[in-house]
Each structure stands twice: as structure tokens, then as C-alpha cells.
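I opened my notebook to look through one structure, side chain by side chain. These are my entries, in the order I made them.

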Amino acid sequence: MSGDNPRALKITEGIAYFIALDDQPLSAVENIGFRHLLGILEPRYEIPSRHHITTAMLPKVFHDVKKQVSGLLRDVSAVSFTTDIWSSSVCPMSLLSLTVQWIDDNFSLRHATLQAKPFRGSHTSKAIADAFDGMLQTWCIPKTSVHVVLRDNARNMIKGMNDAGLPSLPCAAHTLQLVVHEGLLSQRSVADALAIGRKIVGHFKHSPLAYPCLEDIQLEIGQPAKRLQQDVQTRWNSTFYMIQSLIEQKRALGVFVSEHELPDNLTAHQWALLEKVVTVLGPFEELTRKVSSSEAMAADVIPAVTVLQRFLSRETDDDHGIKTMKGTLAAAVRRRFSDVEEQPLYSIATLLDP
């Protein structure tokens, strides 16, 4: 089957969309299993090279998708954006993302990811403003059509939006991140317990012998074999999940310690502290999940923040040992969300995860 055969062209286009839509590596066209499958489906088809997919087909896919999205945006009078600078542990490159949201003629919320632009050099406010100007020009979107840009609370991002002449507002999820981070660091006893918890999780993560032993213990005591969760600095709720996993495996860890060594261990008082921390952070985790949804609405966030403030201001007998943390959380919520009732509803909309 020749390369210009209509069916061959359709299959080649399908391969390009398969790679793009499913985040498959370009080397997929060289994989033995993939080539075997296509050989069964269409023996006459000659699979294109990786170079052809890269240089000819993926640019065509981009052009087709861009044309369609541009058509959707052509008659939209007001759009909103979310943006963030992010990187991956498997890639040293920083990316500046741009996601657009708008209301269509049927009054339905629409959104599309326009770009994830490589962002080299220093992340200065001028560099951010210039990059944003370039992205808007690429998509032929005038600044007068920009309703608001949702961004994080970093000073360079705030100034970058101001330098670009764009209205911008902070992300609720990132604000919660700052609130909880502030609270967890405010009480030494809590911070120390968390540090020990990280050592325990790190031991099982990096030891090829320790985890199988823990897994055997879990099965022996009738618990499902589950890994402990490691937290990361930029996601406060990962710390919540780490504490949850430690508490869930408390019994199994106790058996493990009686037979093996750990780099450190939690005292009975520290276990009790972590259980209280989970209780206090539970509402934060629920709100973070809610505002991180692609369908999050400001109408959901405003009452949730109010309930959070009331929850933190209420004193109970269980506050012993975490009063400082709880008080710091309450003060941080009041300070960082103090203008929430004065701002328009969109002011606390969430920054979508790129």
C-alpha cells in the first residue's frame, strides 16, 4: 500500500492522534508489539518512521487542533485564563502553561489548554509578561477580551501580570497550600513528628528489603498490602496522605519495629499528635479537592472557607498539643482570605492543574 493511498494516510493520521492523545512516546512506531498489531490489522500498510511522525504528522495535528480551538474562540467576547510555571521530576525544563475558559452560546463552561510553553532563563516578572504577550498574540486574543487571569501567589507572577496589563487574581488551592504550610511549621512538636514520619516512609521507599517485610506483616495481621505515601513540599495534601498512611499502618509498623530496625520511631505522644493533625487538616483536604476540580465554582468555595474559619475557631478538649498549630491555621485563613467577601465571585476560583 503506497504512502499516498487514502487508507494509508488515514492510518498514519490515526497513529499521530494516538501518540498525541494518549501521551505515547514517539518511539511507539518502532515497538515490536505495535508493529505486529498493525501488521495483523493491515498487512499492506507500511508503518512510517519516527522522524516522519515528528516532522510531518504531529505539526499537522497541532495545526488542525489549533484551527478548531481558534474557531471556537473567534466570537467569544470575554475569556478567562489560568496559568502556572511548573516542571517535572523527569524533565529539567520549566513550562509556562496557559488554559482558557469561556462561556459558550449555550451558557456551558468550556475550557482548553492552549500552550505549555518552554520557559527558559530567570523567571522574572518581565520574562513572564513577555511570554504572556507572545502567547496571546499566537492565539490572536486581544487583552481587552481577557476577563481575569488566575495565577499563584508568587511575587514574580503577580508583577508579571501587572506588567502585561492583565487583571489577575490568586488561586484558592495555592492559598490553602500557603495556609497549611504556615500552620505545620508553627508548632515544633508537630514539625518534629512529621520529620520522623518522613524518615520512616523514606526508609521503606529506598530499602528493597524493608517493604517486602512490611507487606508480609500486613498480610499476616489481615491488612491489605499498601505502600506508605511519601509527601512532597509543593503539595500540602500529600503530607496529609502521608500521615493517613502512617496511622493506617500503625499496627503493622509496630510489629515491624519489634523485629527490625528503623532510622527513627514515633513515640506514643507523637502518634497521638499526628492523629489530631489529621482531624484538623481533614476539612482543608476536602476543600483542596473541591477547588482543584475542573468544575469548581466560586459558589462552592466561599461557604467552605467560612465553615473552615468556624471549625478552626472552635476550641475542644482534643486541641491539647496542637493549639499553636490550630491557632496559626485560623489566623492564616483569616489573613489570606480576608478579602474574599469583598472580591467578585471569580476571585477565588481555582487554578486548574496543568
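**Entry 1: a buried ring.** I started with Phe256, which is buried, its relative accessible area being 2%. I am working with a predicted model here, so each value below is computed from that model.

I then asked which helices Phe256 and its ring partner belong to. The partner is Phe204, in helix H7 (residues 188-206), while Phe256 sits in helix H10 (residues 250-259). The pair therefore ties together parts that are 52 residues apart in sequence. Phe204 is buried as well, with a relative accessible area of 4%.

**Entry 2: ring geometry.** A pair of aromatic rings is described by the distance of the centres and the angle of the planes. I noted a count of 6 aromatic pairs. For Phe204 and Phe256 I found centres 4.9 Å apart and planes at 65°, so this pair is edge-to-face. The cut-off behind that label is an angle over 60 degrees.

Next I looked up Trp236 and Phe284. Their ring centres are 6.3 Å apart and their planes stand at 85°, so I logged this pair as edge-to-face too. Trp236 belongs to helix H9 and Phe284 to helix H11, so the pair ties together parts that are 48 residues apart in sequence. Both Trp236 and Phe284 are buried. I also followed the ring pairs outward: they link Trp236, Phe240, Tyr241 and Phe284 into a cluster.

**Entry 3: charges over rings.** I found Lys66 over the face of Trp139, at 5.6 Å from the ring centre. I also found the charged end of Lys326 over the ring of Phe311, 5.5 Å from the centre of that ring.

**Entry 4: a loop aspartate.** I went back to the stretch leading into H9. Asp231 lies in the loop between helix H8 (210-220) and helix H9 (236-248). Is Asp231 buried or exposed? With a relative accessible area of 10%, Asp231 is buried, because the limit for buried is under 20%.

What does the side chain of Asp231 meet in polar contacts? I listed the side chain of Thr239 at 3.0 Å and the side chain of Gln230 at 3.5 Å. Leaving out residues up to four places away in sequence, I saw Asp231 touch Arg198, Ser238, Thr239 and Met242. Thr239 thus appears in my notes both as a polar contact of the Asp231 side chain and in this list of touching residues.

**Entry 5: salt bridges.** How many salt bridges does the structure hold? I noted 18, and I looked at a few of them one by one.

Arg289 and Glu285 meet through their side chains in a salt bridge, 2.7 Å from N to O. They are 4 residues apart in helix H11 (residues 268-291), so about one helical turn separates them. Glu285 is buried at 8% relative accessibility, whereas Arg289 is partly exposed at 49%. On the same theme, I traced salt bridges with shared partners, which join Lys10, Glu13, Lys60 and Asp64 into one network.

Lys126 pairs with Asp130 in a salt bridge, with the closest N and O atoms 2.8 Å apart. Both lie in helix H4 (residues 125-138), 4 residues apart, about one turn of the helix. Lys126 is exposed, its relative accessible area being 54%, and Asp130 is partly exposed at 41%.

Arg44 and Glu42 form another salt bridge, with 3.1 Å between the closest N and O atoms. Here I wrote down an exposed Arg44 at 56% relative accessibility and a buried Glu42 at 9%.

**Entry 6: the two sides of H5.** I finished with helix H5 (residues 155-163), where Met157, Gly160 and Met161 are buried. They cover an arc of only 95° around the axis, which puts them on the same side of H5. Which exposed residues does the face turned away from this buried side carry? I found Arg155 and Asn162 there. Just after H5, I noted that Gly165 takes a positive phi of about 70°.

Methods. Residues are numbered from 1 along each chain as its sequence is written. This is a predicted model: local features need pLDDT of at least 70, side-chain atom pairs count only at pLDDT 80 or more; totals for chains, interfaces and linings use all residues. Side-chain values use heavy atoms; hydrogens and water are left out. Buried means under 20% relative accessible area, exposed over 50%, partly exposed in between (1.4 Å probe, protein chains only). A polar contact is a pair of N or O atoms within 3.5 Å; within protein, one must be able to donate a hydrogen and the other to accept it, and residues adjacent in sequence count only if both atoms are side-chain atoms. Contact means heavy atoms within 4.5 Å. A salt bridge is a side-chain nitrogen of Lys or Arg within 4 Å of a carboxyl oxygen of Asp or Glu. The arc is that of the directions from the helix axis to the C-beta atoms. Rings of Phe, Tyr and Trp (its six-membered ring) pair if their centres lie within 6.5 Å; planes under 30 degrees apart count as stacked, over 60 as edge-to-face and the rest as tilted. A charge sits over a ring if NZ of Lys or CZ of Arg is within 6 Å of the ring centre and within 35 degrees of the ring normal.
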